[in-house]
Amino acid sequence: MVGPNPHRVARTRGTVRTANLRDLDLLVRHRRLMWSAIARISPKELDAADRVYRRWARARLKTGRLAAFIVEVRGEPVASGCVWLMDVQPRPQRSGTTAAYLLSMFTEPGHRGEGHATRIVREAVRWSRARGIAVMLLHASPFGERVYSQLGFTHTAEMRKDLRHGARRRVRTSGKRSHRAER
Ligand SMILES: CC(C)(COP(=O)(O)OP(=O)(O)OC[C@H]1O[C@@H](n2cnc3c(N)ncnc32)[C@H](O)[C@@H]1OP(=O)(O)O)[C@@H](O)C(=O)NCCC(=O)NCCS
């Protein structure tokens, strides 16, 4: 189990702390709210996804492959985000075969625009750098895009194909980019 948080950082607008297993309810709730904000998903599908995510996140929090950061304002959690250490293939000019993947970014609507997501991304970057990770990946929602670009994230040439259906079926898109990314 991930122990009590050794990494509490006092801020003028609340505190950022690393999460532990006791925070799983919050992390699952924030992830569900994130999906509700960015995609049309039925409550039944969200319930099912919550159960799967809880198991997935618990296992990885225990092994340290997943870290989560929570911002609290006056003792209340108002934002969170996670970073997952993901296996990737080796490639020239990059050391190691682990990438940091940023996911599950969510700020309560009443606390948006206060810099919480920005602080979480910075913590996630610090946490990943301290573990020697050379690259951080993410899929940005329209809400998140500005936060990430301001912090130096750039677009890649990633492509995708949905393999569940006939060969010619396209992934549903909104505008130019698909919004069915894995967050
Ligand atoms: C994306 C999200 C996490 C950003 O959270 P946040 O805590 O509001 O982000 P920040 O306060 O760090 O905002 C960073 C920038 O975006 C602006 N911004 C973000 N949301 C804003 C809002 N609702 N009102 C005003 N400005 C906002 C900030 O002003 C800031 O820009 P600035 O530095 O030029 O002032 C939040 O909007 C959210 O939870 N959205 C729904 C779920 C989602 O899309 N998650 C991301 C998945 S990739």
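The paragraphs below lead through a predicted model, beginning with one helix, moving on to the ligand, and ending with the loop and helix beside it.

A good place to begin is helix 1, which runs over residues 24-38 and has 15 residues. From its first C-alpha to its last this helix reaches 21 Å, close to the 21 Å expected at 1.5 Å a residue. Many of its side chains can be followed by name, since Leu24, Leu26, Leu27, Val28, His30, Arg31, Met34, Trp35 and Ile38 are buried in helix 1. Where, then, do the buried residues of helix 1 pack? They pack against helix 2 (43-63), and also against strand 3 (66-73), strand 4 (76-87) and strand 5 (98-107).

Helix 1 also leads to the ligand, for the elements that give two or more residues to the shell around the ligand are helix 1, strand 5, helix 3 (116-130) and helix 4 (145-150). Among these, helix 4 provides the largest share of the shell, four residues. There are 23 residues around the ligand, and those that come nearest are Gly113, Gly115, Thr118, Ser141 and Arg146. Sorted by class, the shell holds 10 nonpolar, nine polar and four charged residues.

Some of the contacts with the ligand can be traced to backbone atoms. A backbone N or O atom of Gly113 lies 2.7 Å from an oxygen atom of the ligand, while for Glu114 the corresponding distance from a backbone N or O atom to a ligand oxygen atom is 3.2 Å, and for Ala117 it is 3.0 Å. On its own the ligand has 900 Å² of accessible area, and the protein covers 75% of it.

Gly115, one of the residues that come nearest to the ligand, lies in the loop between strand 5 and helix 3. Is Gly115 buried, partly exposed or exposed? Its relative accessible area is 26%, and because buried means under 20% and exposed over 50%, Gly115 counts as partly exposed. Although Gly115 and Arg13 are 102 residues apart along the chain, their C-alpha atoms are separated by 8.8 Å.

After this loop comes helix 3, whose 15 residues should span 21 Å at 1.5 Å a residue, and because its end C-alpha atoms are 21 Å apart, the expectation and the model agree. The buried residues in helix 3 include His116, Ala117, Arg119, Ile120 and Val121, and further along the helix Glu123, Ala124, Trp127 and Ser128 are buried as well. Ala117 therefore appears twice in this account, as a buried residue of helix 3 and as a residue with a backbone atom 3.0 Å from a ligand oxygen atom. Helix 3 is followed by Gly132, whose phi is positive, near 75°.

Note on methods:
Residues numbered from 1 in each chain as written. Predicted model: local features only at pLDDT ≥ 70, side-chain atom pairs only at ≥ 80, totals over all residues. Heavy atoms only, no water. Expected span 1.5 Å × (residues − 1). Buried < 20%, exposed > 50% of the residue type's maximum accessible area, 1.4 Å probe, protein only. Contact = heavy atoms within 4.5 Å. Near = heavy atom within 4 Å. Polar contact = N/O pair within 3.5 Å; in protein donor to acceptor, adjacent residues only side chain to side chain. Areas by Shrake-Rupley, 256 points an atom, 1.4 Å probe, with all protein chains shown as cover. Nonpolar A, V, L, I, M, F, W, Y, C, P; charged D, E, K, R; others polar.
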